[in-house]
Every structure is written in structure tokens, then in C-alpha cells.
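Please work through the exercises below with the sequence and the coordinates at hand. Each task is followed by a solution in steps.

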Amino acid sequence: MSPDKKKRLNILRKKLDNLDNKLIQLIKKRTNIVSDVLKLKTHKYEIVDKKRISIILKNIKNKSIKNKIDPKITSRIWKNMISAYIDFERRNFKKK
């Protein structure tokens with residue numbers, strides 16, 4: 001790789017690192033909201049809402065297409081995020 005390309009690569013990687021830092025903060029905010037939602041659930045079966053998940057994934061697909069983002073990327077990200085938060089809720093569910 002030429003020195004010029006290496007320099008440009010490093011600049012782009014720094015931009016990605018900055019975005020990652022912003023994503024971490026957003027994930028923290030999302031986790032706090034999910035924790036609040038979990039406090040409202042009285043039964044463990046309430047954790048998974050298949051209808052809501054379906055609506056979320058449909059909306060993400062539509063927004064991705066509208067914003068010219070490959071919907072396969074966003075679909076995979078959201079499916080993984082939803083799965084991770086379902087696991088989080090199951091691990092943190094407390095019977096009342």
C-alpha cells in the first residue's frame with residue numbers, strides 16, 4: 001500500500017472509531033430504556049413480542065431503502081440487537 005493510501009486509510013479508520021464511540025453512547029441510552037421497559041413487565045413471556053419485532057424489522061427495511069442503505073446490513077444489525085436485548089431482558093427479569 002502506498003504511503004498516501006495508508007494515510008487515507010488511517011483517516012477513514014479514525015472516522016469509524018469516532019462513529020463507534022457515538023454508537024456506544026446510543027447503545028447505553030437504548031439499554032437504559034430497555035431496562036425501564038423491563039421493569040413494567042410482570043411475566044417472562046412478555047419479553048418477546050413477535051408482532052412488535054416484525055413491525056420494527058419492516059420499518060428498518062423501509063428506512064434503509066429510503067436512505068439507500070443495503071437492507072441486508074441493517075436487517076442483520078437489528079436482528080442481532082433485538083436478540084441481544086431479549087437475552088438481556090431474560091437475564092435481568094425479576095419476578096414481582
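The exercises treat helix packing and selected residues in a predicted model.

**Exercise 1. Determine how helices H2 and H3 are oriented relative to each other, and identify the residues that form their contact.**

Solution.
- Step 1. Two packed helices are described by the angle between their axes and the distance between the axes.
- Step 2. Helix H2 covers residues 50-66 and helix H3 covers residues 71-92. Their axes are 9 Å apart, and the packing angle is about 150°.
- Step 3. Angles over 145 degrees count as roughly antiparallel; H2 and H3 are therefore roughly antiparallel to each other.
- Step 4. The crossing of H2 past H3 is right-handed.
- Step 5. On the H2 side, the contact is made by Ile-53, Ile-56, Leu-57, Ile-60, Lys-61, Ser-64 and Ile-65. On the H3 side, Pro-71, Thr-74, Ser-75, Trp-78, Lys-79, Ile-82 and Ile-86 take part.
- Step 6. Sorted by class, the contact of H2 with H3 has nine nonpolar, three polar and two charged residues.

**Exercise 2. Carry out the analysis for H1 and H3: which angle and which distance describe the pair?**

Solution.
- Step 1. The axes of H1 and H3 cross at roughly 45° and come within 11 Å.
- Step 2. That angle makes H1 oblique to H3.
- Step 3. H1 passes H3 in a right-handed crossing.
- Step 4. H1 contributes Ile-27, Arg-30, Thr-31, Val-34, Ser-35 and Leu-38 to the contact, and H3 contributes Met-81, Tyr-85, Phe-88, Glu-89 and Asn-92.
- Step 5. In this contact of H1 with H3 there are six nonpolar, three polar and two charged residues.

**Exercise 3. Examine Thr-31 and Arg-30: is each buried, partly exposed or exposed, and what does each touch?**

Solution.
- Step 1. Thr-31 is located in helix H1, which spans residues 3-40, and Arg-30 also lies in H1.
- Step 2. Partly exposed residues have between 20% and 50% relative accessible area. Thr-31, at 22% relative accessibility, therefore counts as partly exposed. Arg-30, at 30%, likewise counts as partly exposed.
- Step 3. Not counting residues up to four places away in sequence, Thr-31 touches Tyr-85 and Phe-88. With the same exclusion, Arg-30 touches Met-81 and Tyr-85.
- Step 4. For distances, Thr-31 and Leu-12 are 19 residues apart in sequence and 28 Å apart in space, C-alpha to C-alpha. The C-alpha atoms of Arg-30 and Lys-66 are separated by 23 Å, with their positions 36 residues apart along the chain.

**Exercise 4. Describe the surroundings of Glu-89: is this residue buried or exposed, and which side chain does its own side chain meet in a polar contact?**

Solution.
- Step 1. Glu-89 is placed in helix H3.
- Step 2. Its relative accessibility is 8%, so Glu-89 counts as buried.
- Step 3. The side chain of Glu-89 makes a polar contact of 2.9 Å with the side chain of Lys-41.
- Step 4. Beyond residues up to four places away in sequence, Glu-89 touches Val-34, Leu-38, Lys-41 and Ile-47.

**Exercise 5. Account for the polar contacts of Thr-74.**

Solution.
- Step 1. Thr-74 belongs to helix H3, and at 8% relative accessibility this residue counts as buried.
- Step 2. The side chains of Thr-74 and Ser-64 are joined by a polar contact of 2.5 Å.
- Step 3. A polar atom of the Thr-74 side chain lies 3.2 Å from the backbone oxygen of Pro-71.
- Step 4. Apart from residues up to four places away in sequence, Thr-74 touches Ile-60, Ser-64 and Ile-69.

**Exercise 6. Contrast Lys-68 with Phe-93: where is each residue placed, and is each buried or exposed?**

Solution.
- Step 1. Lys-68 is found in the loop between H2 and H3, whereas Phe-93 is in the segment after H3.
- Step 2. Lys-68 is exposed, with a relative accessible area of 79%. Phe-93 has 14% relative accessibility and counts as buried.
- Step 3. The backbone of Lys-68 has phi near 60°, a positive value in a residue other than glycine.
- Step 4. Leaving aside neighbours within four places in sequence, Phe-93 is in contact with Leu-38, Lys-41, Thr-42, His-43, Lys-44 and Ile-47.
- Step 5. Phe-93 and Ser-35 are 58 residues apart along the chain, and their C-alpha atoms are separated by 9.4 Å.

How values were computed. Residues are numbered from 1 along each chain as its sequence is written. This is a predicted model: local features need pLDDT of at least 70, side-chain atom pairs count only at pLDDT 80 or more; totals for chains, interfaces and linings use all residues. Side-chain values use heavy atoms; hydrogens and water are left out. Axes are lines fitted to C-alpha atoms, for helices over the stretch in contact, and angles run from 0 to 180 degrees between N-to-C directions. Helices (H or I, at least four residues) and strands (E, at least two) are DSSP runs, numbered from the N terminus. Angles under 35 degrees count as roughly parallel, over 145 as roughly antiparallel, 65 to 115 as roughly perpendicular and the rest as oblique. A crossing is left-handed if the near helix is turned anticlockwise from the far one by less than a right angle, and right-handed if clockwise. Contact means heavy atoms within 4.5 Å. Ala, Val, Leu, Ile, Met, Phe, Trp, Tyr, Cys and Pro count as nonpolar, Asp, Glu, Lys and Arg as charged, and the others, Gly among them, as polar. Buried means under 20% relative accessible area, exposed over 50%, partly exposed in between (1.4 Å probe, protein chains only). A polar contact is a pair of N or O atoms within 3.5 Å; within protein, one must be able to donate a hydrogen and the other to accept it, and residues adjacent in sequence count only if both atoms are side-chain atoms.
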